[in-house]
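Me: Please take a close look at the ligand site in this model. I would like the contacts, the surrounding residues and the space described together.

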Amino acid sequence: MTNEFTDVRMLDNFYQTSSFFPMPVVLVSTLTESGQTNLGPYSLCFPHVVTGGRDYAMMLIARGTSNTAQNIIRSKTCAINFIPDKKKYMKNCVALGYPGESTEEKMKNSIFTLLPSTRSNGDDVRHPEIVKEAVQIFECTWDESHPLQDNKELIEYHFLLRINKIIMKPKWYQCLLKGKGFPRIPIDYGFRDNVRFWFTKHSSPYKVPIPQEKSNSFEMVKYACTRFDPEVTWEDEACSKILKVPSIFLKKVISGIVKEAKKEGLTVITPEFMDKIRNKRSGG
Ligand SMILES: Cc1cc2nc3c(=O)[nH]c(=O)nc-3n(C[C@H](O)[C@H](O)[C@H](O)COP(=O)(O)O)c2cc1C
């Protein structure tokens, strides 16, 4: 066979109609005019600004007439709730994703438990409630400076959502710090027909190590240092001092340094502190 691929006709919603496209399933909570929390299921919700040290943002694509879009435009606030992968939750998501229902109508059928937002109310801004069952939640504010539409005829709205806070269940936070253990979160398979959404079950994630021969880059070491213990920060020059440590020992070395720092009540690891430890270890 000369041609191993077949052309696929691209249609509107190409990610559902013309391809298989793995996506998250999140419940976006927003505030109605009367102050009730609305939950809408969304899959077109991806990281959009990921570097620069601040102003991180997500992109949410939502039908302009949805409760979610209208609520974000009015109140500018929302929360992205990452719910666990359970069939009963996905069933309820599909029920909450039926277009045209008012918040009052649809929320009667919600099986999710709502809790107050963790954002402070000091500034008198009201925020939507969050979902208790969620593994993690991004509490966000809409950045109006980003264009809402690419094209005035499009009915899809593009919301650049600045992340104010990420909160997580403590159990999963420990897994994040240790790099061990993963929550089961659902994947929307993209493809859908007229009557069904499809979600994939996935088994435990498996690891693929970075090839040993690639030496540690500064970014990789800085990343490993920064994420090790949230109470301890690292100066860049301190990270540079462990660039040559083989990657399989890196975590152990970082752990030893953090332990020493904590013993001395330090919260910032400086190059001077690294020199001090090295001298101590070499008997100097
Ligand atoms: C799993 C799932 C994913 C969805 N993803 C999106 C999406 O990314 N964008 C969108 O506009 N609608 C999406 N929908 C449809 C919306 O949920 C639907 O428009 C619903 O009416 C939104 O609720 P709301 O009006 O309360 O905001 C999805 C529905 C389901 C069930």
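Reply: In this predicted model, a polar backbone atom of Ser 43 lies 3.0 Å from a nitrogen atom of the ligand. Leu 44 places a backbone N or O atom 2.8 Å from an oxygen atom of the ligand. A third backbone contact comes from Ile 61, where a polar atom is 2.9 Å from a nitrogen atom of the ligand. On its own the ligand has 630 Å² of accessible area, and the protein covers 92% of this.

The shell around the ligand holds 22 residues, and the closest of them are Pro 41, Leu 44, Arg 63, Thr 68 and Lys 106. Leu 44 is thus named both for its backbone contact and among the closest residues. By class, the shell is made up of 12 nonpolar, seven polar and three charged residues. E3, E5, H2 and H3 each contribute at least two residues to it, and E3 has the largest share, with four.

As for the space itself, the ligand occupies the second largest pocket. The volume of this pocket is about 1400 Å³. Its lining consists of 42 residues, with Asn 13, Tyr 15, Gln 16, Leu 44 and Arg 63 closest to the pocket centre. Two of these names, Leu 44 and Arg 63, also appear among the residues closest to the ligand. The elements that give two or more residues to the lining are helix H1 (14-17), strand E3 (37-42), strand E5 (57-63), helix H2 (67-75) and helix H3 (87-96). Sorted by class, the lining of the pocket has 21 nonpolar, 13 polar and eight charged residues.

Note on methods. Residues numbered from 1 in each chain as written. Predicted model: local features only at pLDDT ≥ 70, side-chain atom pairs only at ≥ 80, totals over all residues. Heavy atoms only, no water. 1 Å grid on protein atoms, 1.4 Å probe; cavity = no way out; pocket = protein on both sides within 12 Å on 5 of 7 lines; lining within 4 Å. Points joined across faces, edges and corners; volume = space filled by probe spheres on them. Nonpolar A, V, L, I, M, F, W, Y, C, P; charged D, E, K, R; others polar. Near = heavy atom within 4 Å. Polar contact = N/O pair within 3.5 Å; in protein donor to acceptor, adjacent residues only side chain to side chain. Areas by Shrake-Rupley, 256 points an atom, 1.4 Å probe, with all protein chains shown as cover. Sits in = over half its atoms within 2 Å of the grid points.
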